[in-house]
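Good morning, everyone, and thank you for making time for this. Please take a moment to look over the sequence and the structure before I begin.

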Amino acid sequence: MISEKLKKGHLLIAEPSIIGDLSFNRSVILLADHNKEGSIGFIINKPLKYTINDLIPEIDASFKIYNGGPVEQDNLYFIHNIPELIPNSVEISNGIYWGGDFESTKDLINDGSIGKNNIRFFLGYTGWDENQLENEMQGNSWIITDNSYKNKIIGKSTTHFWKEQIIELGGDYLIWSNAPENPYLN
């Protein structure tokens, strides 16, 4: 666990105590921005049943769409690791970029220049107002860690990602690594 201040690029791991919260139970969030006005992140381990082609038929690819969070779920967002190909991207950290020119992105996906390990799409995002995330952390809702995967996190499998993060934390968290998603149903 990290005791330093929050900053963009960190991962937020949902504490096991967030049971029953449909959006955040067993979530791992990439913090895309953090400043005095608030924070923005994307849940990186909650794939939806859609592909990019389902939402944008002119894109000839079957990249998964992820639930980025409960805010603005009617908007599509993306992160990537290829700023040299996608103009107007904003660096998050560690070679991970947010957004950029979407028309160029569509063309690059269609011509095969962008693969699934280069980009990840989200419906919605996670947002916090000023001091809200810090208050949630003090309330033991989140664990903050470095993103040790750097820009390779984009291609990382999400199936057991929360569990892997909990195991890495060790100690008292180990017991939660094999607990059912809803212990009340056990």
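**The largest pocket and two residues**

The largest pocket holds about 270 Å³ of space, where a pocket is, on a 1 Å grid over the protein atoms alone, an open set of points where a 1.4 Å probe fits, with protein on both sides within 12 Å along at least five of seven lines, and where lining residues have an atom within 4 Å of a point. The volume itself is the space filled by probe spheres set on the points, which are joined across faces, edges and corners. Of the 16 residues that line this pocket, K64, Y66, K116, R120 and K156 are the closest to its centre.

Before going on, I should say that this is a predicted model, in which local features need pLDDT of at least 70 and side-chain atom pairs count only at pLDDT 80 or more, while totals for chains, interfaces and linings use all residues. Residues are numbered from 1 along each chain as its sequence is written, and side-chain values use heavy atoms, with hydrogens and water left out.

Let me turn to H34, whose side chain makes a polar contact (a pair of N or O atoms within 3.5 Å, one able to donate a hydrogen and the other to accept it, with residues adjacent in sequence counting only if both atoms are side-chain atoms) with the side chain of S39 at 2.5 Å, and another with the side chain of E134 at 3.3 Å.

Finally, K163 counts as partly exposed because its relative accessibility is 28%, between the limits of under 20% for buried and over 50% for exposed, with a 1.4 Å probe and protein chains only. K163 and I13 are 150 residues apart in sequence, yet 9.9 Å apart in space, C-alpha to C-alpha.
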